[in-house]
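Reader: I would like to learn how to read an assembly of chains. Take me through it step by step.

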Amino acid sequence: MNPLSASSPNFSPLNPEPTGNNFSIADQAATQQARDQNVGQRPGTLNIRPGALKPRLFMLSYHDDFIEEKEYTDHYPEMIRHLREHPELKHWIDVRGYGDLPTIEHLMRDFGIHPLQMEDVLNDYQRAKVDTFDDNRLFLVSRMIDFLPSTLEVDDDQLSLFTGPNYVLSFQDDYDDCLEVLRQRLRTNFSQLRRKPSLYLAYALTDVVLDHYFPTMAAIGDYIEWLEERIVAPRRDPRLLNRILRLKKDMVRFRRLVYPERDKIAELLRLPEDIISPDMKLFLNDGYDHAVQALDLAEGYRESISSLTELYYAEQSNRMNEVMKVLTIISSIFIPLSFVVGLYGMNFQREAPDGSINPANMPELYSPYGYQGVLLFLALVVGGQVYYFWRKGWLGNG
Amino acid sequence: MNPLSASSPNFSPLNPEPTGNNFSIADQAATQQARDQNVGQRPGTLNIRPGALKPRLFMLSYHDDFIEEKEYTDHYPEMIRHLREHPELKHWIDVRGYGDLPTIEHLMRDFGIHPLQMEDVLNDYQRAKVDTFDDNRLFLVSRMIDFLPSTLEVDDDQLSLFTGPNYVLSFQDDYDDCLEVLRQRLRTNFSQLRRKPSLYLAYALTDVVLDHYFPTMAAIGDYIEWLEERIVAPRRDPRLLNRILRLKKDMVRFRRLVYPERDKIAELLRLPEDIISPDMKLFLNDGYDHAVQALDLAEGYRESISSLTELYYAEQSNRMNEVMKVLTIISSIFIPLSFVVGLYGMNFQREAPDGSINPANMPELYSPYGYQGVLLFLALVVGGQVYYFWRKGWLGNG
Amino acid sequence: MNPLSASSPNFSPLNPEPTGNNFSIADQAATQQARDQNVGQRPGTLNIRPGALKPRLFMLSYHDDFIEEKEYTDHYPEMIRHLREHPELKHWIDVRGYGDLPTIEHLMRDFGIHPLQMEDVLNDYQRAKVDTFDDNRLFLVSRMIDFLPSTLEVDDDQLSLFTGPNYVLSFQDDYDDCLEVLRQRLRTNFSQLRRKPSLYLAYALTDVVLDHYFPTMAAIGDYIEWLEERIVAPRRDPRLLNRILRLKKDMVRFRRLVYPERDKIAELLRLPEDIISPDMKLFLNDGYDHAVQALDLAEGYRESISSLTELYYAEQSNRMNEVMKVLTIISSIFIPLSFVVGLYGMNFQREAPDGSINPANMPELYSPYGYQGVLLFLALVVGGQVYYFWRKGWLGNG
Amino acid sequence: MNPLSASSPNFSPLNPEPTGNNFSIADQAATQQARDQNVGQRPGTLNIRPGALKPRLFMLSYHDDFIEEKEYTDHYPEMIRHLREHPELKHWIDVRGYGDLPTIEHLMRDFGIHPLQMEDVLNDYQRAKVDTFDDNRLFLVSRMIDFLPSTLEVDDDQLSLFTGPNYVLSFQDDYDDCLEVLRQRLRTNFSQLRRKPSLYLAYALTDVVLDHYFPTMAAIGDYIEWLEERIVAPRRDPRLLNRILRLKKDMVRFRRLVYPERDKIAELLRLPEDIISPDMKLFLNDGYDHAVQALDLAEGYRESISSLTELYYAEQSNRMNEVMKVLTIISSIFIPLSFVVGLYGMNFQREAPDGSINPANMPELYSPYGYQGVLLFLALVVGGQVYYFWRKGWLGNG
Amino acid sequence: MNPLSASSPNFSPLNPEPTGNNFSIADQAATQQARDQNVGQRPGTLNIRPGALKPRLFMLSYHDDFIEEKEYTDHYPEMIRHLREHPELKHWIDVRGYGDLPTIEHLMRDFGIHPLQMEDVLNDYQRAKVDTFDDNRLFLVSRMIDFLPSTLEVDDDQLSLFTGPNYVLSFQDDYDDCLEVLRQRLRTNFSQLRRKPSLYLAYALTDVVLDHYFPTMAAIGDYIEWLEERIVAPRRDPRLLNRILRLKKDMVRFRRLVYPERDKIAELLRLPEDIISPDMKLFLNDGYDHAVQALDLAEGYRESISSLTELYYAEQSNRMNEVMKVLTIISSIFIPLSFVVGLYGMNFQREAPDGSINPANMPELYSPYGYQGVLLFLALVVGGQVYYFWRKGWLGNG
């Protein structure tokens, strides 16, 4: 029962009805709603987010020339037993979905996880980080970033890893992930990965997440090019600027997610040698370079998106210019013509009421070929104006 | 008597009449007015802000399995007696409102508060900070931030805490606060909080303030979405840009308020172990992460609000474009038509004054179906133009 | 004789005639002109700025229960004698105006001031700073900042302080200052200030300058609000944008002046304890917080002024929009009407020259109620258009 | 077999068809595509980029007064043999093109290159860096930057260097390079370079790359000037803004490429003296200054390109202004004229149907010289307006 | 023979013809062209820039009460002899112009200058810096900055100083300089400068360069004010924005040149006491303050120039607004009038062809005073509109 839940604004005098599908604020807000319910609770209290998936448990046990994969979703005790009975194997326990508090609590008890750390796992908005324990165990948080083709938005999920003497325990809130490539590598008979200690697996998982940033960014790059084409397309999508601004924000968010990833690796590199071997340091150095390159690319993309905005406004201004040119050309040509024909529509009378003749009053009207003369004059005016506009470059495109 | 009070400008040659309810400068200025009266005074002189509420005194005394709440508003000596008589209990003395100098001075004397610190308490614009005393006591300032649905503005209040061996003394300038959730937690029989030393209560109060930032930001997020909808609504609120710019400033202010909060926790973390126990450090680390996340979110919101401004201008430009298109289409169609009908309104005479016939003068006027011919021609012109504008994408939306 | 004085540009091909009262560059340039004459001179050469006021000398001598104020403007030797004869008193020698080189040189000699430091005093553009001497004396420069209601500009003056064993020597270039409040405090019988060593007076002077920033900023805040109202006022001041941009620059300047003030206090705090006592450190800490708050407020104001610029442009665009709407509405209504009436102004003849009747030629003209029919049609067209524009929200405000 | 290759978005609902030749995203994306195929692979796995050139092997062996150049493209073993048989010579092994895995693997084995480093060589997007080995060998990556006149884009290639006791092994992915000048220097009989140890050659190669930045930037400078002229040219290239924005991005990229180059040299300078001799340090200091100057120039160019954008928009706005002026002048002159001639086209009858005379009805029509009077009046109106517009400065240019 | 000289782009498909006198890129590019020819050369190879002036040699020898000035342009050996024969004097050898390689090489040999340092002297784009030698000699580079009234551009020249036991050797590439003031000071009989060691002269030269920044900035300040007036002038210079943007770039360049100057002094201040005496440190501190003030002023000017750009655009928008208002007022007044007069130009016939009378057809035409009535109505319409526009504030200025 949280008395603060009433503090969400409803803008009653203004009728808000937030739609929530713009600017991708919605999912962040959802996370916050979940957090709302935590205000004032003891830090470390576990809250399962409403709508969280039922946890599925997978275990992948391997040794130099042995590998076994099994799902233990409803057989938790069996999994723990298997883990205890085979200390000679290395295990990857893969938990997907958080939607069951008892399972989470069993895992906390059996793997010695601190409530604050489990809160970080369940909380869906946690920056990448590394925590070290007294007994040389590590708690690693990575952010898996995807560009979803369906919503054309950047989506990120959390991968939380706990390392142990001969296991890695991973948490994700989704059933699908980008780690399948690593499973394939483990399944390969001669994989080096199988021969290394289990801590190496934790690093390999982090590295896969990092490498996945590059196809994500390639997708964003394609999307930027597609947007650029749309800007100059004759029929413009009215939501185009929205798309561009949303992508801009996504890019800012991408960088905000990747920066801690880089810092996490830098922190891993500073760990003492009894945790991180020199051999692993070499590979971490490589991972650090990749993170820096991802940030470099992201910086370049941010510039590209700024250019998109500038192009958008320039194009909008171009179109206004074109509208004005059409108006100006048509008006400039026909308004003078209308004056001339109006002139000869005047009713000045050659013959005054007293019968006298005023030959000065519009003699053109009575001259033969007066009409043709006027038509010729009008044609000359039109021709002159068309020439003037053509010379100014107003006719034709651009 | 402050001779500087005359230094407030009155723009007499310009007739200012500042309204003071825009851009939320007003309340900051009010603080400054209060400060005006301090110029030249001895630092540490206490000034009760005019309009400050009469102080209400609450005391919440608790032990592992005991809790007692009482209001001592007009019974200050009784409260002090109770505090002295029960050194075995932990006490939370909660002072709400500063509007009575004698009460404030009694508190200063009885709890050994330095005048400069009390000045910080009474002064309503103080950044979050932590001060340590020689005797391991702490002085903590937090800023409670709310998004008021009534004014659609960010509002912040100060929570000042003094810790003692078995008490926490808190000051707020308002009767309402966001700390009720913590009181509920204390009232719970098995609350861990009751068993910990009173210093832990001070940290829990700080943490509640920190956690409250998230529902505040969720409210701002909803407001941003509502604003975004208003931008593209057909009838635009003329004060819309004002609202956006005000929110932008509020967001800047939010960050300026939260940054010192983060730094305060960082400073607490650097305190020696005899003040902050390792156990508490773990929780403070968690609080630090929360502050960083709040800043991250605020950064994202700032980007969203920038996008709002861009959308606003783009929409304004779109509307201008639409106005121009209507003008251009109507003018381009009818101005040439007017020319044609004007042409046949000319008074060229078939019959010259001398009776001779000038058959070249406007023979169309005399041809049967001349009128119909002209109407047909006009229809063709209109059709051609409509086709041209349709092909250019000027007809229809966007 | 300075050969460089000819280096001031005269833009002869362009006829500059700089007016010098815009953007407050003028007074900075004046300072530079003065500096021009220094180029190549030995550093530390004293130059009295042309137009500097004749120095007035005031001395305020005090002790725990004694105070004496006297002007020694034309009695310099008497002042020095009084100073030497009363080592038991604390003295504040207040020099206002620099316009007399011999007086300045006497002061330098009698108070042991280095030429470079006196150059800093006379030079009107010196950032706030603190210099320490070997013998624990301090040289403090503060900037007094005011918002002048007459010119609506930020004005700053320099307050230079030299501390000595039992005196403070202050320099200002103006007769008026913001220090009167401190004099009042000294005149009060039970002032703590009188009992403290004279160094404390130097700090109190610095603090008064610092506190004066807040009423200055309150005045700027009022001015910002007044400007905001002017932006949406129906008749716009053509110099409005100038005012806003000038204020923006003033705000940038304000921050540039206050930052060194903050750094100066930070430097004072780092001084060894034999110069700054722990007691004074507490108060300096308070002053540091005030400087940070002033910078915080200035940052907020800068944001407000940016918003003013945005509002200005949005309002300008709004007005353009309104102009265009009036044009579009009037043109769109009347241009088609003109076409219709032009149509019936055509001279197609029912009767051909050969006497035959062409009943197809404009039969409307001959029908009874044809005129009324056309008028009705025109009214319908107008009604339709008005409805269309009303539905688009173009009629009415905004 | 990479299951992620399907993750590249295809925007199916939107029909993207990315063209890929804008904003130079294409080549970066190509690199990423290559990297896509690496996701999940063991770090250090070598991937030859599709389309990489077949490696050509050159060796340049030299001594104080001896030089020999030979291509060993299809004679790899012979090259190694020559290298081993002549330890008294210094060798520069120059590998151009990466398109043959066996060759690469032979080089790795024979020169003791770590797979991760070879991955850096083959990966085409690697920031400039320096790695040191335990045995004082260096791995240097430089970026050769060119401004291609054909595409008017900045192009960069990687130069990777491995130093050994008496050789330098360089890798490039292209057959052409900017190192020919250095070869010329080596061929000169009295070249100092020949007498220095081979490590000096590695530095000289780095320096040539650095020096090549300056002609690249001179080319960009010329291009900026050419763009500036195009902005004000009467017929504007519709892709002009695109070009400017692309160049802006190229400039940002240039800086992002040169910054690590500068940092690399700074890192070389920090190497211990047994690797970098004091003599070489002097030259590296010089190289550091050059890198800083290149960055300074790039900063200036960035400002120039920003100015281009501003000029572009101002010019666009100017043109709009001109269009509007033409419309306004023509309309303002002829619309009133049309009114006047329309006035005298009214059919008010002097003679009422009942035969009575209404002399008040348009007597002008019957006055002699009425027509001339009207023409004169119209001429005066036109003259007055032309004078008004001329005084306003609307006639003529600008 | 430099094969890279062909790498300058010629944009052949686009016909560039760079003019080179915009944005002051030209002279920087010239420097780069010179550098182009260095690519691949041994670092430290001397290249005389084509067009460099023939060196003129001046020597100013002085002692406490002695001074001698002489030009040794074609008598180099004599100068060296004089230098060697008078170790008791202090000498300032002033080399102006670099256009003769043998002279340069003689100087290098006789004064022990390293080729890399001489390269820095001859290279015209070198940031201010200080290098120390093993034997306590200094190499100082300063940048002399001028605002040229002829081109209205910032121009900078390099002053390179080598200090020796009893001499200062200075290099400039121009015959004119801003050092004459210092020569005057030396010529004064009682100059302190004469009595100090020659190192002091080097500092004094640096200080003169620094002091010269202030008149340069005063000139820029005047130019800014002149530009501001031009913005609101009725006839606007079409190159005005170009000028503003060029000045903005010059200001950026100014800061980029002065920052290293400040850092150079800071570095001098960090030199050990056996090079820089405490006495000189005091003066260097003063110089440091001056450099900081120059940067402060430059920052303020940058803000002023930004304001200029904003004013420019606002003014451009104002003018557009005015154009639109004229169009709108004229059109709105006359288009309805034209409709009314067109109305009465319709040819509806009172008398039908069958002779019947249709009294409903335009009876106004036959009423007496119908014409006057219409004229009155038109006058009322005009009056109403003028009143409407006047109330809207569209008539009159602003």
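Author: We start with a term. A salt bridge is a side-chain nitrogen of Lys or Arg within 4 Å of a carboxyl oxygen of Asp or Glu. Keep in mind that this is a predicted model.

Reader: Which residue forms a salt bridge with B:Lys392, and how far apart are the closest N and O atoms?

Author: The partner is A:Glu322, and the closest N and O atoms are 2.7 Å apart. This pair therefore meets the cut-off of 4 Å.

Reader: How many salt bridges are there between chain B and chain A?

Author: The count is five. Polar contacts are counted as well: 22 residue pairs between chain B and chain A, both residues at pLDDT 80 or more.

Reader: Which helices of chain B supply at least two residues each to the side that touches chain A?

Author: They are helix 5 (180-187), helix 7 (198-232), helix 9 (278-343) and helix 10 (370-391). Helix 9 of chain B gives the most, with 34 residues.

Reader: How is the size of an interface expressed?

Author: Often as the accessible area lost when the parts come together. Here, chain B and chain A bury about 7,300 Å² between them. Of that area, 62% is on carbon and sulfur atoms. Three residues supply 9% of the area that chain B buries against chain A: B:Glu225, B:Phe339 and B:Phe348. No other three residues supply more. In residue terms, the contact takes 81 from chain B and 78 from chain A.

Reader: Now the next pair. How many residues of chain C are in contact with chain B?

Author: The number is 83, and they meet 78 residues of chain B. Chain C and chain B bury about 7,300 Å² between them, with 62% on carbon and sulfur atoms. In chain C, the residues that lose the most area to chain B are C:Glu225, C:Phe339 and C:Phe348. Together they make up 9% of what that side buries.

Reader: What polar links cross the interface of chain C and chain B?

Author: Five salt bridges are found there. In one salt bridge B:Arg127 pairs with C:Asp296, the closest N and O atoms being 3.0 Å apart. There are also 21 residue pairs in polar contact, both at pLDDT 80 or more. On the side of chain C that touches chain B, helix 5 (180-187), helix 7 (198-232), helix 9 (278-343) and helix 10 (370-391) of chain C each supply at least two residues. Helix 9 of chain C gives the most, with 34 residues.

Reader: How are two copies of a chain related?

Author: By a rotation about an axis and a shift along it. Here, a turn of 72° and a shift of 0.1 Å along the axis lay chain C on chain B, with an RMSD of 0.1 Å. The two copies are thus related as by a five-fold rotation axis. C:Gly345 is the residue of chain C that comes closest to the axis, at 4.5 Å for its C-alpha.

Reader: Why do the copies meet through different surfaces?

Author: Compare the interface residues. Only 13% of those of chain C are also interface residues in chain B, so the surfaces differ.

Reader: Let us go to a single residue. Is B:Ser331 buried or exposed?

Author: B:Ser331 is buried, because its relative accessible area is 4% and the cut-off is under 20%. B:Ser331 lies in helix 9 of chain B. Its side chain reaches the backbone oxygen of B:Leu327 at 2.8 Å. Leaving aside residues up to four places away in sequence, B:Ser331 touches A:Leu327, A:Ile330, B:Pro336 and C:Ile335.

Reader: What sign does phi have in most residues other than glycine?

Author: Most have a negative phi. A:Met362 has a positive value, near 50°. A:Met362 sits in the loop between helix 9 (278-343) and helix 10 (370-391) of chain A. At 0% relative accessibility, A:Met362 is buried. Another positive phi, near 55°, belongs to B:Leu152. B:Leu152 is in the loop between strand 5 (138-148) and strand 6 (153-163) of chain B. B:Leu152 is buried too, at 6% relative accessible area.

Reader: Last point: how many disulfides are found over all chains?

Author: Zero, in a search of the whole structure. As for cysteines, D:Cys178 is buried at 7% relative accessible area. E:Cys178 also counts as buried, at 7%.

Conventions:
Residues are numbered from 1 along each chain as its sequence is written. Chains are lettered from A and ligands numbered from 1 in the order in which they are written. This is a predicted model: local features need pLDDT of at least 70, side-chain atom pairs count only at pLDDT 80 or more; totals for chains, interfaces and linings use all residues. Side-chain values use heavy atoms; hydrogens and water are left out. Copies are superposed by least squares on the C-alpha atoms of residues with pLDDT of at least 70 in both. Contact means heavy atoms within 4.5 Å. A disulfide is a pair of cysteine sulfur atoms within 2.5 Å. Buried means under 20% relative accessible area, exposed over 50%, partly exposed in between (1.4 Å probe, protein chains only). Buried area is the accessible area (1.4 Å probe) that two parts lose on being put together, summed over both. A polar contact is a pair of N or O atoms within 3.5 Å; within protein, one must be able to donate a hydrogen and the other to accept it, and residues adjacent in sequence count only if both atoms are side-chain atoms. Helices (H or I, at least four residues) and strands (E, at least two) are DSSP runs, numbered from the N terminus.
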